[in-house]
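Me: I would like to go through this structure slowly with you, asking at each step how a term has been earned. Please set each value beside the rule it has to meet.

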Amino acid sequence: MKTVNTTDTSKRKFLGGAAAVAGIAIAPGVLLQTVNAKPDNEAVSNKVRWGMLIDTNKCGDGCTDCVTACNTENGLTGFERPETDSQWIRKLTLKDKQTGHVQTLPVMCQHCETAPCVDVCPTGASFKREDGIVLVDKHICIGCRYCMMACPYKARSFVHEDLQDQKDHAPRGKGTVESCTMCVHKVDNGENPACVTACNKEHKAMYFGDLNDANSEISKRLKQYGGKQIRADLGLNPGVRYQGV
Amino acid sequence: MVLWFRKNLQNIMLAAIAMLLATSVNVNAEVVAPVVPKGKGEQCVEPTDVMRKNHMEMLKHQRDETMHNGIRTKKHALKECIACHVQEDEKGQVARFGDDGHFCSSCHNYAGVNVDCFQCHADRPQELIGKGHKIKPHHTADFKDKAINKEALQALTEVSK
Amino acid sequence: MKLIRFASIDGNSNGYWGLMALLAAFILAALGSSYYMEHHGHHVTGMTNQIVWGLPHVFAVFLIVAASGALNIASIASVFNKKAYKPLARLSAVLALALLAGGLMILVLDLGRPDRLIIAATIYNFKSIFAWNMILYSGFMGIVGVYIWTMMDETVGRFNRLAGISAFIWRIMLTTGTGSIFGFLVARQGYDAAIMAPMFIIMSFAFGLAIFNLVLFAAYNGTRRELGDAIVKRLRNLLGVFVAAIMYFVVVFHLTNLYATEHHGVEAFILRDGGIFTQLFWIGQVVIGGLIPLALLYAPQLQGCRKSMALASVLIVLGGLAQMYVIIIGGQAYPLQLFPGMEVSSSFFDGVVNSYTPTLAELMLGLGGVAVSLIVVTLALKALHLLPISLADAVADPHHKD
Ligand code: SF4
Ligand code: SF4
């Protein structure tokens, strides 16, 4: 790698890059929780489908730990303009009109299997990773906001003004659309999303894991107690499921 | 007025071209190499001439791999470039993108090539955030008024023998 | 029928240059507004994370829909072989291109990242109806361009019918595509209706023809060329039929919605409780854009009166804009139903009717698109042989008897 022939740099760079990728496999020195980290140089695969389960019975009334954790993790500082500031996760309060029963639950991008945002995006900037995480590639997002029109869950925000001091793991900028990334930078590192970690400190209402793995905690729980989809009638098979609604 | 304009259109165009040529000659006359700040490490991940020529390709390749396939190798990652190349100076100041003292803009200002990476990406290592002046709001990519000129680009991408 | 001779207009009068200057001023204002919006970000507009498509989209969709409708006259002439419309075909096709150009300009300048237009033009996600629309729009430009060529150049005149038929098919697809942009938004109560696409086609007929009439009248008045009653009467009847058809579709649309319980909420919102949207629907769309024009067009006393027809056309345009506003913005204002039957609230405006106040910048951008359309037509009238020197009855009407 060190000795370089200067004549054909472009080809060399490409091959050399691939070789280097194969060569380095630094084990991430991170605390592993529910999931194992894949090697850095391995592409994500559809053997895994990341998902979340939210037990609304345990969700604390008035607790916004998950929201705060998300904002901190992803650097979502607002401009005190609630109508245009980004919100990747929010707490909903539901009141049953018949019974008067009130409950709260967090809602974020549901990482739909057949995601409407992905279907409508003209440039392919909205896309679903092999492992089911739905993201916006801000390099090619043109800010048309069609995905926001299409998302049934109001999960997306448009960045309405210039930003500064973004987190280096969560780049975001004016004129593009964004939403919950399931903390993909953490997931790739074998960690839980920030909201799940925060929730686990007290209420323990959120679970994260591989829906394809029958032995993961989330799959076992879903099997035993079931889990509802919001707007199941739309047939989107979201990766985020709820219990107790 | 309109008629006069039409009749003289050719002359006007010629005059404009002449003016343009004159200015570009001026720029060419004062070719000064950009001052590129030193990085933290000893040696870059690729030889300097390769980086000069191809850094954009590598960054772009890595960006797509990371974004779409979750490849998180560090070698060609923008984050790592920044971590090494953007440092505090003796006064504890950190240059921001757009300043001549910022690694990326030292060249990009010089060559007059605008990039929009730093509208989204952090322009300094995470631990230095909070240091350095605020970028003027709405002017994140405020680069100097220099026309691109061929010699400068050649000088930059010339393979060092 | 006598031979019809076409000529460009002189375009040297004060009126012509005044019009050009006015339109140019509007276009400059639109560019300025767009720069202002992009520079500061969209928070300086009335748009929010709840209402993501605002007034610019109202104008843009209106113009794009009208564009395909403006082609009608040409289609009737070459596809359905109605000779009486032939003299107007050129103007009709050019107007179609001009309206599309204006609409697209608005759409592009309202993007979050207009600088990345090249991405939108080169990377396509073929599942996206939006991407298909981009292909439909550019195809429309090309096909109608060729169509105009076959009308104006006799050496390729024999391809005229073929080009006309292709343009006709393409425009139907284009309007269907535009309507489907909304039809695909299944989760939004206001848009979830299969009837959306055909309704857009009918709307395009009326809006396009209304604008066509206004341009025609202005051109013939401005140049003092003769425009006979025969052709005007045909256009008048056509317009009346189209407006009646829109009214019919709107009634069917809302009746079918009222039939399905899940849509009762949004129907009550638009028809009864929606505040500005309800007013725009009843006063703007139904009365100004529908009933009054119908009365003006069909009242026996007004039959020979061009002014009443021009007024009807203006009202149809205004009503059309109101209708777009109700569809596009009203559809977003009505809250998404995440948990039907439950009362929902959050920090992100769940469960509340979203409010939207357009700003001057958005209005100017929209009007700028209209100005672009008009300036293209004004220039084309001068540069090309678009309009017959005379459309007096003796020239224009094949059945005219002296
Ligand atoms: S919740 Fe919305 S943003 Fe997330 S995947 Fe589904 S449609 Fe897309
Ligand atoms: S705003 Fe961006 S991500 Fe959303 S549909 Fe448009 S291009 Fe795709």
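Me: How many nonpolar, polar and charged residues are there in the lining of the largest cavity?

Reply: This is a predicted model, and in it the lining of the largest cavity has 10 nonpolar, seven polar and one charged residues. Among the residues nearest the centre of that cavity are Gly190(C) and Phe253(C); Gly counts as polar and Phe as nonpolar under the rule for classes.

Me: What makes a space a cavity, and how many of 30 Å³ or more are found in the whole structure?

Reply: A space is called a cavity because a 1.4 Å probe fits there but cannot get out. The search finds 11 cavities of 30 Å³ or more, and the largest holds about 190 Å³ of space. Its lining is made up of 18 residues, and the elements that give two or more of them are H8, H9, H10, H11 and H12 of chain C. H12(C) gives the most, with five residues.

Me: What volume does the second largest pocket have, and which helix supplies the largest share of its lining?

Reply: The volume of the second largest pocket is about 660 Å³. Of the 25 residues that line this pocket, Tyr16(C), Leu19(C), Ala218(C), Ala219(C) and Thr378(C) are the closest to its centre. H13(C) supplies the largest share, seven residues, while the lining as a whole has 15 nonpolar, eight polar and two charged residues.

Me: Why is the pairing of Asp110(C) and Arg145(A) called a salt bridge?

Reply: The rule asks for a side-chain nitrogen of Lys or Arg within 4 Å of a carboxyl oxygen of Asp or Glu. The side chains of Asp110(C) and Arg145(A) meet at 2.6 Å, N to O, and therefore the pair satisfies the 4 Å limit. Across the interface of chain A and chain C, the rule finds three salt bridges.

Me: What area do chain A and chain C bury between them, and which residues of chain A lose the most of it?

Reply: Chain A and chain C bury about 4,600 Å² between them, with 58% of it on carbon and sulfur atoms. In chain A, the residues that lose the most area to chain C are Tyr146(A), Met149(A) and Lys154(A), which together make up 17% of what that side buries. As for contacts, 54 residues of chain A touch 54 residues of chain C, where contact means heavy atoms within 4.5 Å.

Note on methods: Residues numbered from 1 in each chain as written. Chains lettered and ligands numbered in written order. Predicted model: local features only at pLDDT ≥ 70, side-chain atom pairs only at ≥ 80, totals over all residues. Heavy atoms only, no water. 1 Å grid on protein atoms, 1.4 Å probe; cavity = no way out; pocket = protein on both sides within 12 Å on 5 of 7 lines; lining within 4 Å. Points joined across faces, edges and corners; volume = space filled by probe spheres on them. Helix = DSSP H or I, 4+ residues; strand = E, 2+ residues; numbered from the N terminus. Buried area = accessible area lost by both parts, 1.4 Å probe.
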